[in-house]
Amino acid sequence: MTSIIGNAAAQAAFMAAMRGGSLHHAWLIAGPQGVGKASFARSAAMRMLADAADPGAGPDAGSTGFEVPEGNRTRSLMEAGSHPDFRVLARLPKDPEKPDQDLARSITIAQVRTLQPLFATTPSMSLRRVVVIDAIDDLERGGANALLKNLEEPPAGTIFLLVSHAPGRLLPTIRSRCRLLRFEALSDGEVATAIRTLQPDADEGEVAALVRASDGAPGRALRYAGLDIAAIDDAIAAIAQDGDRDNGRRLKLAKALGLKAAQPRYEAFLDRAPAFIADAARTRSGPALRSALDAHAAARDLAGAAIGLSLDAQATVFEMAGIVATLRQ
């Protein structure tokens, strides 16, 4: 398991709580999506469980890292998905036989209830147990109420790590029972380091393009890896600059992204066009700002409907590019 890049202050705060014996039973790990919150939660869980199983093997006093050495029993069990004192609740695949495809819309109350038999027994390998929920934002209302009972009366030795991209939307009663650990967007240098670590074959041109598209979130950038995101961004920028009066750029882009084989790039375009418009709006004022805000609302609505309603890809790209073209002043 690689070290978590960025958010050193948050990592140090959690490590200090671990060392100081003041580890709260529930942590709300909040911040933008794609900045490493879930990876941190799993790393912290591994460190806690490894230390509890072998207290003498903890990190040095000056260390802020959460790495657990290869060959460690806790690490081996967690990587195999068989550690008896570790659970992750996340959205499940709609079709169990196709785990890499569509996920359910929420984490269900039934999934939360699967924790109860675990809590009815003592931890197996130490006095510690860890539950990660990724993301707590995805928990359906009934599940949130069921979880609240565990947060109000936490089982002995259990630590809850709740990943959240939008903590303001959570039940206040859940937020009030958690200690907040805030994660922030990463710097461009940190994002570049993360990309080079996770995509070692990416050339510097692609790294630079992914950094520009990341908005400080390596997870967002990695969704675009291998899709020549720079070409998509350049095409969007060219249409915004000249307005594409003869529709030539829009037609070319629609034909290129409308092919079935281009589905990943088509979806990337649906992400990037509204983001480009939002960036443009930040530099405007007066009527030009109003025009950009209207364009952003239209682009966001179109992108949201395109996949869910299976809209024709070529027609959608052409329409979206037309919205981008209205940015020309």
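The largest pocket has a lining of 42 residues, and Q33, R91, G219, R220 and R223 are the ones that lie nearest its centre. The structure here is a predicted model, so everything that follows is computed from it. Two or more lining residues come from each of α2, α8 (188-198), α10 (218-222), α13 (263-281) and α14 (286-308). Top of that list is α13, which gives the most, with five residues. As for volume, the pocket holds about 1600 Å³ of space. Sorted by class, its lining splits into 21 nonpolar, 11 polar and 10 charged residues. The logic behind finding such a space is simple enough: rolling a probe the size of a water molecule over the atoms shows where empty space is left.

Stepping back to the whole chain, the secondary structure adds up to 15 helices and five strands. Measured out along the principal axes, the C-alpha atoms fill a box of roughly 70 × 45 × 40 Å. Of the 329 residues, 42% are buried. Among contacts with a separation of 6 or more, 73% are between residues 24 or more positions apart.

Next comes the packing of the interior. The largest nonpolar core takes in 73 residues, and within it F14, F40, L161 and F269 touch the most other members. Helix α2 (residues 37-53) supplies the largest share of this core, with nine residues. A second core sits apart from this one; it has 23 residues, including L28, I136, L139 and C178. Back in the largest core, F14 is worth a closer look. Once its neighbours within four places in sequence are set aside, F14 has contacts with L23, W27, F40, A44, M48, F66, L161 and L181. Two of the residues with the most core partners, F40 and L161, thus turn up again among the contacts of F14.

Helix α9 (residues 204-214) makes a handy local example. Its buried residues are V207, A209, L210, V211, A213 and S214. The cover over them includes α8, α10, α11 (229-242) and α13. For the spacing of positions along a helix, the usual geometry applies: an α-helix has 3.6 residues a turn, so residues three or four places apart point the same way. At the N-terminal end, α9 is capped by D203, which places a side-chain oxygen 3.1 Å from the backbone nitrogen of G205. At the other end, D215 follows just after α9 and takes a positive phi of about 55°.

That brings up the backbone oddities. As background, most residues other than glycine have a negative phi, and most peptide bonds are trans. D215 goes against this, with its positive phi of about 55° in a residue that is not a glycine. D215 belongs to the loop between α9 and α10, and it is exposed, with a relative accessible area of 62%. N247 is another non-glycine residue with a positive phi, near 65°. The loop that holds N247 runs between α11 and α12 (248-257), and N247 is partly exposed, at a relative accessible area of 27%. The remaining case concerns a peptide bond: the one from D134 to A135 is cis, with omega near 5°. A135 is located in the loop between β3 (129-134) and α6 (141-152).

Methods
Residues are numbered from 1 along each chain as its sequence is written. This is a predicted model: local features need pLDDT of at least 70, side-chain atom pairs count only at pLDDT 80 or more; totals for chains, interfaces and linings use all residues. Side-chain values use heavy atoms; hydrogens and water are left out. A nonpolar core is a set of buried Ala, Val, Leu, Ile, Met, Phe, Trp, Tyr and Cys residues joined through side-chain atoms within 4.5 Å. Buried means under 20% relative accessible area, exposed over 50%, partly exposed in between (1.4 Å probe, protein chains only). Helices (H or I, at least four residues) and strands (E, at least two) are DSSP runs, numbered from the N terminus. Contact means heavy atoms within 4.5 Å. On a 1 Å grid over the protein atoms alone, a cavity is a set of points where a 1.4 Å probe fits but cannot get out, and a pocket is an open set with protein on both sides within 12 Å along at least five of seven lines; lining residues have an atom within 4 Å of a point. Grid points are joined across faces, edges and corners, and a volume is the space filled by probe spheres set on the points. Ala, Val, Leu, Ile, Met, Phe, Trp, Tyr, Cys and Pro count as nonpolar, Asp, Glu, Lys and Arg as charged, and the others, Gly among them, as polar. A polar contact is a pair of N or O atoms within 3.5 Å; within protein, one must be able to donate a hydrogen and the other to accept it, and residues adjacent in sequence count only if both atoms are side-chain atoms.
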